Amino acid sequence: NFIVKSFDITQIESITNNLEELAEELNGIDLLIISSGTGDLNPDLDFAIEKRTIETNVIGFTCVCDWALNYFIKQGSGHLVGISSVAGVRGSKHAPSYYASKSYQMNYLEAMRQKVTALKKPIYVTDIRPGLVDTEMAKGDGLFWVAPVEKASRQIYKAISNRKRVGYITKRWRLIAILLKRIPNAIYDKM
């Protein structure tokens, strides 16, 4: 069963009530996917853009993660899925807060996974790291390896179904993530 309920993730004072109501309507939650996020190109460092990104991708994200993990711990089982991004691997001058917030999400999900592993209960945490997918979030010129939504959706579904710790979408973006990590800072700083 599923119920669609939307609310503003930046309204943190109402997140808990909204999630509690949703859990009650569903008679419990087994899987919670956090796929809300925002980010814009920000070459001029407009603080309003940075603030909106941080409020959504860090503060709202953390609030939902914490609620979900506490809910699953109390329930004794569950699956938390966060949609982060390959962008979290390194910083970028083009969208500083977006890249930084995705790094935060990747690390926060890893911390949640450590937490539940220690509990030895059937609670899972999956980090989905998309590269470019043909949505409004794919911004900029000269984009490459842009995945069709259908292909990305199939791979996301499979990663969640298999309870993967980390799923790169599409799979070839794992290679990009590995390469990005290995580029020396002296070279990366000039990119």
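**Entry 1: T62**

I looked up the contacts of T62 in this predicted model. Neighbours within four places in sequence aside, T62 touches Y104 and Y108. I placed T62 in helix α2. Is T62 buried or exposed? I read a relative accessible area of 14% for T62, and because the cut-off for buried is under 20%, T62 is buried. I also checked T62 against M191: the two lie 129 residues apart in sequence, and their C-alpha atoms are 31 Å apart in space.

**Entry 2: helix α1 against helix α2**

I stayed with α2 and turned to its packing against α1. Helix α1 covers residues 12-26 and helix α2 residues 47-75; their axes come within 10 Å and cross at roughly 35°. I noted the hand of this crossing as right-handed. Which residues of α1 and α2 meet? From α1 I listed I12, I15, T16, L19, E20 and A23. From α2 I listed I59, G60, C63, V64, W67 and Y71. Sorted by class, this contact holds nine nonpolar residues, two polar ones and one charged one.

**Entry 3: I3**

I went back along the chain to I3, which sits in the segment before α1. With its neighbours within four places in sequence left aside, I3 contacts L22, E25 and L26. The relative accessible area of I3 is 34%, so I entered I3 as partly exposed. For a long-range distance I took I3 and M106: they are 103 residues apart in sequence, and from C-alpha to C-alpha 27 Å apart in space.

**Entry 4: salt bridges**

How many salt bridges does the count give? I found three, and I took them one by one.

R52 pairs with D40, and their closest N and O atoms are 3.0 Å apart. This pair links distant parts of the chain, with R52 in helix α2 and D40 in the loop between β1 (31-34) and α2, twelve residues apart. R52 is partly exposed at a relative accessible area of 38%. D40 is also partly exposed, at 24%.

E55 pairs with K51, at 2.5 Å from N to O. Why are E55 and K51 separated by about one helical turn? I put it down to their spacing: they are four residues apart in helix α2, so about one helical turn separates them. E55 counts as partly exposed at 27% relative accessibility. K51 is partly exposed with a relative accessible area of 39%.

D127 pairs with R129, the side chains meeting at 2.8 Å, N to O. Are D127 and R129 buried or exposed? I read 0% relative accessibility for D127, which counts as buried. R129 counts as buried too, at 9%.

**Entry 5: R129**

I followed R129 further. R129 lies in strand β3, residues 123-130. What does R129 contact, leaving aside its neighbours within four places in sequence? I listed S84, S85, V86 and M106, and then V166, G167, Y168 and I169. M106 is the residue I had paired with I3 in Entry 3. The buried state of R129, at 9% relative accessibility, goes beside this list.

**Entry 6: the chain as a whole**

I closed with the overall figures. The protein chain has six helices and four strands. Read from the N terminus, their order is α-β-α-β-α-β-α-β-α-α. How does the radius of gyration of the protein chain stand against the globule rule, and what is it? I noted 17 Å, close to the 16 Å that the rule gives for 191 residues, so the chain is as compact as a globular protein of that length. Along its principal axes the C-alpha trace spans about 50 × 35 × 30 Å. Of the 191 residues, 41% count as buried; T62, D127 and R129 are among the buried residues I looked up. Taking contacts in the protein chain with a separation of 6 or more, I noted that 68% of them come from residues 24 or more positions apart.

Note on methods: Residues numbered from 1 in each chain as written. Predicted model: local features only at pLDDT ≥ 70, side-chain atom pairs only at ≥ 80, totals over all residues. Heavy atoms only, no water. Axes fitted to C-alpha atoms, helices over the stretch in contact; angles between N-to-C directions. Helix = DSSP H or I, 4+ residues; strand = E, 2+ residues; numbered from the N terminus. Left-handed = near helix turned anticlockwise from the far one by under 90°. Contact = heavy atoms within 4.5 Å. Nonpolar A, V, L, I, M, F, W, Y, C, P; charged D, E, K, R; others polar. Buried < 20%, exposed > 50% of the residue type's maximum accessible area, 1.4 Å probe, protein only. Salt bridge = Lys/Arg side-chain N within 4 Å of Asp/Glu carboxyl O. Rg over C-alpha atoms; globule rule 2.2 N^0.38 Å.
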